[in-house]
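Me: I'm new to this one. Can you walk me through it in short answers?

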Amino acid sequence: MNKKIILLLPVFFVFMTLLPKELKANELLLKKEDRGEAVVELQEKLIALEYLHSNATGYYGELTEAAVRQMQQEFNLLADGVAGPQTIHQLKEVEKIARIVHGEARGEPYKGQVAVAAVVKNRLNSPDFPSSVEGVIYQTNAFTAVHDGQYNLTPTSTSYKAVRDAWNGWDPSEGATYYYNPTIATSEWIFNWTTPKFSIGSHLFAE
C-alpha cells in the first residue's frame with residue numbers, strides 16, 4: 001500500500017469520528033425492508049405528525065413507506081417513499097419548529113399553536129428574516145423559549161401536528177411575522193415597531 005495512503009488513513013478515521021452527529025444522520029438512507037433503531041426514530045416522528053397510524057416497530061414496511069410518501073408530498077419533496085437525506089433533514093426541521101411551538105405556545109388553544117408555527121413559516125418566506133429554520137429560530141431575541149431553555153423540552157404530537165397544519169396552508173396568524181403576550185412582554189421594541197392585528201389565546205399577533 002502507498003505510504004501516503006497509510007499515513008492518511010488515521011487522519012481520515014479521526015475526521016469521521018469528529019463529524020457532527022446531525023451530518024452523519026443526514027447521510028442515512030432508509031427504505032422498505034430496512035430494520036433498526038434509525039427506523040424507529042423515523043417512525044416516531046411520522047406518528048407524531050399523524051402520517052403513520054401504527055406502532056414504531058423498527059421495520060420499514062408498506063405502512064411506513066406510504067407515510068413517508070405522504071410526508072414528502074406535503075413538504076414538496078420527491079415522493080418516492082424512501083427516507084433519504086432531504087426527507088430526514090426536513091423531519092429534523094419540523095422537530096425544531098415543533099420545539100418552538102411547544103416552548104412558546106403549549107397550553108394555548110390549538111389554533112394559537114398553529115399560528116405560532118405559521119409565524120415561523122411567514123418569517124422564512126419574508127426577506128426581512130433569515131431564510132433557514134435555524135437562522136429564524138436562533139435570531140437574536142426572536143423566541144423567548146430559546147433563551148429560557150424551554151426550546152429544549154420534548155415537543156408533543158400536538159406541536160408536531162401544528163407544524164404540519166401550518167405547512168399545509170393553514171395560517172391563523174393571517175400573515176403575521178410577530179406575536180407576543182402583551183401582559184408579560186417587556187420589550188419596548190415590540191410595542192413601538194410592530195402593528196398589532198388580533199389575539200389568539202394570550203398571544204397578540206402583529207406585523
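**Helix packing, sheet and loops**

Reply: Start with helix H6 (residues 110–124) and helix H9 (residues 157–167): their axes come within 8 Å and cross at roughly 55°. Axes are lines fitted to C-alpha atoms, for helices over the stretch in contact, and angles run from 0 to 180 degrees between N-to-C directions. This is a predicted model, where local features need pLDDT of at least 70, side-chain atom pairs count only at pLDDT 80 or more, and totals for chains, interfaces and linings use all residues. Residues are numbered from 1 along each chain as its sequence is written, and side-chain values use heavy atoms, with hydrogens and water left out.

Me: What do labels like H and S stand for?

Reply: Helices (H or I, at least four residues) and strands (E, at least two) are DSSP runs, numbered from the N terminus.

Me: Which word fits the angle between H6 and H9?

Reply: Oblique. Angles under 35 degrees count as roughly parallel, over 145 as roughly antiparallel, 65 to 115 as roughly perpendicular and the rest as oblique. H6 passes H9 in a right-handed crossing. Right-handed means the near helix is turned clockwise from the far one by less than a right angle; left-handed is anticlockwise.

Me: Which residues meet there?

Reply: From H6, they include Tyr-110, Val-114 and Leu-124; from H9, Thr-158, Val-163 and Trp-167 are among them. Contact means heavy atoms within 4.5 Å. By class, the contact of H6 with H9 has 9 nonpolar, 3 polar and 3 charged residues. Ala, Val, Leu, Ile, Met, Phe, Trp, Tyr, Cys and Pro count as nonpolar, Asp, Glu, Lys and Arg as charged, and the others, Gly among them, as polar.

Me: And H5 with H6, how do they cross?

Reply: The axes of H5 and H6 come within 9 Å and cross at roughly 130°. That makes H5 and H6 oblique to each other, and their crossing is right-handed. H5 brings Ile-97, Ile-100, Val-101, Glu-104 and Ala-105 to the contact, and H6 brings Gln-113, Val-116, Ala-117 and Val-120. The contact of H5 with H6 divides into 7 nonpolar, 1 polar and 1 charged.

Me: Is His-102 buried or exposed?

Reply: His-102 is buried, with a relative accessible area of 8%. Buried means under 20%, exposed over 50%, partly exposed in between (1.4 Å probe, protein chains only). His-102 is found in helix H5 (residues 85–105). Not counting residues up to four places away in sequence, it touches Leu-153, Thr-154, Pro-155, Thr-156 and Ser-159.

Me: New topic. What is the strand order in the sheet?

Reply: S1-S3-S2, in an open sheet of 3 strands with antiparallel pairing. Strand S1 (178–180) and strand S2 (196–200) are the edge strands, each pairing on one side only. Two strands pair if DSSP finds at least two bridges between them. S1 and strand S3 (residues 203–206) pair over 3 bridges. In S3, the bridge partner of Tyr-178 is Ala-206.

Me: Which helix packs on the sheet?

Reply: H6, touching S1, S2 and S3; its direction makes about 30° with that of S3.

Me: What about phi at Glu-50 and Glu-174?

Reply: Most residues other than glycine have a negative phi. Glu-50 has a positive phi of about 65°, and Glu-174 has a positive phi of about 55°.

Me: Where do Glu-50 and Glu-174 lie?

Reply: Glu-50 is in the loop between helix H3 (37–48) and helix H4 (62–74), and is partly exposed at 39% relative accessibility. Glu-174 is in the loop between H9 and S1. Glu-174 is exposed, with a relative accessible area of 55%.
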